[in-house]
Amino acid sequence: METDPTRVAMVCVQNAGRSQMATAYAEREARGLEDAVEIVSGGTHPAESIHDVVREAMAEEGFDLSDRTPREVSEGELEACDYVATMGCSTLELDADTDV
């Protein structure tokens, strides 16, 4: 019996710092569980690029974030997630009536 993966979102305003870092760590921890866990990363107001200091700090920890680009997360994506972790911001900016 095939089941849908558990969807987890890592969200911050610009998707250029904390959520990118959290996503990289979550992806590392979920290795081998790709069919069971789906990780979504996004921001409510995405930046043009990941912060240089974040790329540098994560490189020191063995993560290469050079191919990542901040992206906007939609209300629909968040509603489809089982868990949403916000990084010091609120997803309520997307829609004041949402229960996410």
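This is a walk through the structure in your viewer, one selection at a time.

**Whole chain**

Start with everything shown as a cartoon, and keep in mind that this is a predicted model. You should be able to pick out 3 helices and 3 strands. Trace the chain along its sequence and the elements come in the pattern β-α-β-α-α-β. Of the 100 residues in the protein, 35% are buried. Switch on a surface if you like: the accessible area is about 6,200 Å², and carbon and sulfur atoms account for 46% of it. If you plot a contact map, look at the pairs at least 6 apart in sequence: 71% of those contacts join residues at least 24 apart.

**The sheet**

Now hide the helices and keep the strands. What order do the strands take in the sheet? Reading across, you get E2-E1-E3, an open sheet of 3 strands with parallel pairing. E2 and E3 (residues 83-86) are the edge strands, each pairing on one side only. Ignoring direction, neighbouring strands here are turned by 20 degrees against each other on average.

Select E1, residues 6-12. This strand is mostly covered, with 6 of its 7 residues buried. Its parallel pairing with E2 runs over 7 bridges, while 4 bridges join E1 to E3, also parallel.

Val8 is a good residue to click for seeing both pairings. Towards E2, the bridge partner of Val8 is Ile39; towards E3, Val8 stands opposite Tyr83. While you have side chains on, remember that in a regular strand they alternate between the two faces of the sheet.

**Glu38, on an edge strand**

Move over to E2 and select Glu38. Is Glu38 buried or partly exposed? Its relative accessibility is 32%, so Glu38 counts as partly exposed. Leaving out residues up to four places away in sequence, Glu38 touches Pro5, Thr6, Arg7 and Val8, so you are back at the Val8 you just clicked. For a distance check, draw a line from Glu38 to Asp82: the two are 44 residues apart in sequence, yet their C-alpha atoms are 9.9 Å apart.

**Helix H1**

Bring the helices back and select residues 18-29, which form H1. This helix has 12 residues and spans 17 Å from first C-alpha to last, close to the 16 Å expected at 1.5 Å a residue. Colour its buried residues: Ser19, Gln20, Ala22, Thr23, Ala24 and Ala26. What do they pack against? Their partners are strand E1, strand E2 (37-43) and helix H2 (52-60).

**Asn15 and Gln20**

Step back along the chain to the loop between E1 and H1, and select Asn15. With 1% relative accessibility, under the 20% cut-off, Asn15 counts as buried. Its side chain makes a polar contact of 2.7 Å with the side chain of Ser19. A polar atom of the Asn15 side chain also lies 3.0 Å from the backbone nitrogen of Arg71. Expand the selection to contacts beyond four places in sequence and you will find Gln20, Ser41, Gly42, Gly43, Thr69, Pro70 and Arg71 around Asn15.

Gln20, in H1, is the next stop. At 3% relative accessibility, Gln20 counts as buried. Which atom does the side chain of Gln20 reach? Look for the backbone oxygen of Asn15, at 3.1 Å. Beyond its neighbours within four places in sequence, Gln20 is in contact with Asn15, Ser41, Ile50, Arg68, Thr69 and Pro70. Compare the two lists: Asn15 touches Ser41, Thr69 and Pro70, and Gln20 contacts Ser41, Thr69 and Pro70 too.

**Met58, on H2**

Finish at helix H2 by selecting Met58. Its relative accessibility is 1%, so Met58 counts as buried. Show what surrounds this side of H2: beyond four places in sequence, Met58 touches Met21, Ala24, Tyr25, Phe63 and Leu65. Ala24 is also among the buried residues of H1. As a last distance, join the C-alpha atoms of Met58 and Met21: they sit 7.2 Å apart, with their positions 37 residues apart in the numbering.

Terms used:
Residues are numbered from 1 along each chain as its sequence is written. This is a predicted model: local features need pLDDT of at least 70, side-chain atom pairs count only at pLDDT 80 or more; totals for chains, interfaces and linings use all residues. Side-chain values use heavy atoms; hydrogens and water are left out. Helices (H or I, at least four residues) and strands (E, at least two) are DSSP runs, numbered from the N terminus. The expected span of a helix is 1.5 Å times one less than its number of residues. Buried means under 20% relative accessible area, exposed over 50%, partly exposed in between (1.4 Å probe, protein chains only). Contact means heavy atoms within 4.5 Å. A polar contact is a pair of N or O atoms within 3.5 Å; within protein, one must be able to donate a hydrogen and the other to accept it, and residues adjacent in sequence count only if both atoms are side-chain atoms. Two strands pair if DSSP finds at least two bridges between them. Axes are lines fitted to C-alpha atoms, for helices over the stretch in contact, and angles run from 0 to 180 degrees between N-to-C directions. Accessible areas come from the Shrake-Rupley method with a 1.4 Å probe; for residues, only the protein chains shown count as cover.
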